[in-house]
Amino acid sequence: MPCTVVTGAFWGDEGKGKIISYLALKDRLDLCVRTGSVNAAHTVWYQGKRHALHMVPVAFINEGCRLLIGAGANVHVAKFFEEVEATNVKNRIGVDHQASIIEEKHSMQDKTSAHLKGLGTTGWGVGPAIEERVRRAAKLAKDIPELKPYLTDVAMETNEAIDADKSVLLEGTQGLLLSLLHGTYPYVTGRDTSASAICSEAGVGPTKVDDVLVVFKVFMTRVGAGPLPGELAKEEALRRGWFEIAAGTGRERRSAPFNFELAKKAVMINGATQAAVTKFDILYPECKGAKSYDQLSGEAQQFVSKIEKQTGVPVVLIGTGPEALDVIDRRN
Ligand code: IMP
Ligand code: MG
């Protein structure tokens, strides 16, 4: 059974939540590790219900899956408990002792710091919380009494699961172009978001990973400030059906056509072995709900081929609707 890292290609909101929810059910995931922090909302539609998760791993929809939050993550305690309650995962979620804590003061700093002005951060305080951690002054999960029942060694649990041939997924947040190291600095988030960083936050070495699945959306979107090549006017985005509102913050997303050069960069830096492309039904409405590749129009199939040819990785999963199971799976 493989260990797969799921990572975003662009500026987040590629549909990682949707793809991971599909894998959670289809691949019967045994263990899923969430990385990053509360700034990222992962959306899951399952059995007609929508969940926008900021802390709980998306794979919660598979009731047999162990859910973990890695050492590299920043835990928002109130949001954690709110979501644990809403998803009813009290008995199968764990938090690494060394995950750090993000608090209200970090959010205040995010909103008032002069050097962050104009970046359009989510306002959750992730940058300031990471700054505090770098100063070796952060509060950790093990310092929070309410978290005691959930504390675990995530690196140990995850590596043991991999060694026991369990099905493991490492859930990345945001996308490569929001990476502190490889993105459009200074218009980036406070961490590296590449596949290597996802492994590092979970405590899994690169030799333990079988697949890196990079997630693209058929068009690109971005919230907050910073460059977006090929950006469309809002009227044009609305006309094409590409206008989106952010799941986490309610902000309007800017949009642009798929960019092959950026896609190639995302494949290279993530070391991607496979790709998923979401929202095919938005570009090609006739594909809505399709479950097999033959159901795609010629034009849609050509788009898939072009992505494969230009990036050099196979497009194994194609999203054709919002529900977890609205996917064309080409892995076999
Ligand atoms: P921060 O991560 O809150 O510091 O925000 C820095 C930049 O990353 C801003 O442009 C945010 O809009 C963007 N950002 C952070 N998290 C996400 C996400 O989950 N999806 C999309 N954009 C994000
Ligand atoms: Mg999101």
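How many nonpolar, polar and charged residues make up the shell around ligand 1? In this predicted model, the shell has 6 nonpolar, 7 polar and 2 charged residues.

**Ligand 1**

There are 15 residues around ligand 1, and those that come nearest are Asn39, Thr122, Gln174, Thr189 and Arg251. Some polar contacts of this ligand are set out below.

| Residue | Part of the residue | Atom of ligand 1 | Distance |
|---|---|---|---|
| Asn39 | polar side-chain atom | oxygen | 2.9 Å |
| Asp13 | side-chain N or O atom | nitrogen | 3.3 Å |
| Gly120 | backbone N or O atom | oxygen | 3.4 Å |

On its own, ligand 1 has 470 Å² of accessible area, and the protein covers 96% of that area.

**The magnesium ion**

Asp13 also appears at ligand 2, which is a magnesium ion. The ion is coordinated by an OD atom of Asp13 and by the O atom of Ala41, at 2.3 to 2.4 Å. Asp13 sits in the loop between strand 1 (3-8) and helix 1 (16-26), while Ala41 sits in the loop between strand 2 (31-34) and strand 3 (42-46); the pair therefore ties together parts that are 28 residues apart in sequence.

Are these two residues buried or exposed? Ala41 has a relative accessible area of 12%, so Ala41 is buried, because buried means under 20%. Asp13 has a relative accessibility of 24% and therefore counts as partly exposed, a class that lies between the 20% and 50% limits.

**Backbone features**

Most residues other than glycine have a negative phi, and most peptide bonds are trans. Against that background, a few places in this chain can be listed.

Asp13 is one of them: its phi is near 60 degrees, a positive value in a residue other than glycine. As already said, Asp13 is in the loop between strand 1 and helix 1.

Arg136 is not a glycine either, and its phi is positive, at about 60 degrees. Arg136 belongs to the loop between helix 4 (126-134) and strand 9 (151-152). With a relative accessibility of 74%, Arg136 counts as exposed, because exposed means over 50%.

Which peptide bond is cis, with omega near 5 degrees? The bond from Tyr185 to Pro186 is cis. Pro186 is placed in the loop between strand 10 (168-175) and helix 6 (195-202).

**Summary**

Asp13 has a side-chain atom 3.3 Å from a nitrogen atom of ligand 1, helps to coordinate the magnesium ion, and has a positive phi.

Methods. Residues numbered from 1 in each chain as written. Chains lettered and ligands numbered in written order. Predicted model: local features only at pLDDT ≥ 70, side-chain atom pairs only at ≥ 80, totals over all residues. Heavy atoms only, no water. Near = heavy atom within 4 Å. Polar contact = N/O pair within 3.5 Å; in protein donor to acceptor, adjacent residues only side chain to side chain. Areas by Shrake-Rupley, 256 points an atom, 1.4 Å probe, with all protein chains shown as cover. Nonpolar A, V, L, I, M, F, W, Y, C, P; charged D, E, K, R; others polar. Donors = N, O, S within 2.8 Å, 3.2 Å for Na, K, Ca; no water. Helix = DSSP H or I, 4+ residues; strand = E, 2+ residues; numbered from the N terminus. Buried < 20%, exposed > 50% of the residue type's maximum accessible area, 1.4 Å probe, protein only.
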